[in-house]
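Thanks, everyone. Let me put the model up and walk through it.

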Amino acid sequence: MAHRGGGASHSDEGGGGHGGNDRPWVYFMIDSFFLCTQFFVVTFKIKSDEIVLPQRLPPGGTAMARQVAVDAKKKLSVHVSPAGAGAAYQFMQREVDLAGFNEMLASSTGGGVEYQVRVSYEPDVRWEHVIAVFNACSKAKIAECGLIPLRGRDAAP
Amino acid sequence: MSMSPPEETKVEVDMVPMIDIITLLLMFLVVVGDMAASANTIQMKLPRADQALTDKEMKEKGFRLEGRIVVQLQPVDKTHPEGHYSAIINNKPYALEVQGSGKQLIEYLDDQVNYNVNKGLAKKDSTGAVDMPVKLRIPEDAPMREVERVIMSLAKVGMVNVHYASEPFAKAK
């Protein structure tokens with residue numbers, strides 16, 4: 001903070017004297033500058049806006065009635081299982097990583113609109129590995145991408 | 001006896017304390033305002049998706065954002081071997097499954113759907129799908145057994161228009 005008090009006149013120090021006032025204007029400027037800097041330092045944040053991946057779920061949860069509506073589309077199934085820190089994707093009788101799955105999906109679906117992807121998964125698979133499938137579907141212009149719920153003990157009540 | 005006019009005293013406003021106070025006040029408001037804005041948002045590490053859109057892009061593409069409910073998934077018991085999660089909506093927790101006397105997520109969502117449909121704020125089609133958008137904030141490390149419970153609850157009440165929150169990702173060229 002700039003020097004505030006003091007009786008000594010600084011009006012002739014070349015800092016923009018203020019005539020009868022003890023304090024030259026340059027001190028006000030320094031004060032303001034430091035406070036502004038302090039303000040920007042405190043409030044500055046590197047922040048990235050949250051974005052969303054839109055999807056449309058088949059209504060009704062596990063209701064079988066939905067099958068009638070989706071029969072016209074070609075179904076592709078992918079199974080996600082944990083593999084170390086990442087995940088393995090079983091797709092078209094092959095087990096591939098995410099990059100491989102992205103390539104296979106893009107090359108096998110072309111335009112994508114007439115396809116539907118069904119994602120099954122192990123209970124311990126992390127969400128990030130499943131949303132990666134939704135992301136790949138979006139990239140391949142496949143709008144219908146649904147989940148096959150878990151069965152047995154891990155099934156949702 | 002000479003009469004001299006009284007000396008004029010100069011009245012000056014000292015700007016420095018005013019600037020100090022205004023700036024400190026501004027800083028306080030900005031910091032508190034920022035904290036208040038993020039109070040409803042749980043800090044979590046979201047998954048990354050390069051196809052995700054900003055709200056502005058969503059509007060341009062014709063997605064409905066009005067009346068969007070934000071459902072956040074948060075672990076409630078990290079010591080549990082299977083990890084129990086609950087859904088947080090407007091700072092209130094909702095159980096993902098029948099658990100004690102707390103309200104379940106599906107009950108809350110069903111109430112919301114009924115209210116909005118009855119008030120004419122949302123429409124339900126013949127398949128049971130309701131045009132109410134939902135934003136799902138799910139941490140990237142959440143296990144699918146927990147995530148599935150949230151997604152199934154949404155699908156069961158007909159909330160099929162789901163927006164999965166994610167972090168920005170360097171867009172592939």
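Confidence comes before anything else. Chain A has a mean pLDDT of 75 (the predictor's confidence in each residue, from 0 to 100). In that chain, 69% of residues reach 70 or more. Residues 5–15 of chain A stay under 50. Residues 64–70 of chain A are below 50 too, with 4 contacts beyond near neighbours in sequence. Contact here means C-beta atoms, placed from the backbone, within 7 Å. Where pLDDT is low, the predicted coordinates should not be read in detail.

Some bookkeeping. This is a predicted model, so local features need pLDDT of at least 70 and side-chain atom pairs 80 or more, while totals for chains, interfaces and linings use all residues. Residues are numbered from 1 along each chain as its sequence is written, chains are lettered from A and ligands numbered from 1 in the order written.

Now the interface. 44 residues of chain A contact 52 residues of chain B. On the chain A side, α1 (25–43), β1 (51–56) and α4 (127–139) each give two or more residues. Helices (H or I, at least four residues) and strands (E, at least two) are DSSP runs, numbered from the N terminus.

What does β1(A) pair with in chain B? Strand β5, residues 161–166, antiparallel, through 6 bridges. Pairing takes at least two DSSP bridges. A:Val52 has B:Ala165 as its bridge partner.

Last, the core. The largest nonpolar core (buried Ala, Val, Leu, Ile, Met, Phe, Trp, Tyr and Cys joined through C-beta atoms within 7 Å) has 66 residues. Buried means 20 or more other C-beta atoms within 10 Å of a residue's own. A:Val130, A:Val133, B:Val150 and B:Leu154 have the most contacts inside that core. Beyond four places in sequence, A:Val133 touches A:Val78, A:Val80, A:Val119 and A:Cys145.

Technical notes. Two residues are in contact if their C-beta atoms, placed from the backbone, lie within 7 Å. A residue is buried if 20 or more other C-beta atoms lie within 10 Å of its own, exposed if 12 or fewer, and partly exposed in between; C-beta atoms are placed from the backbone.
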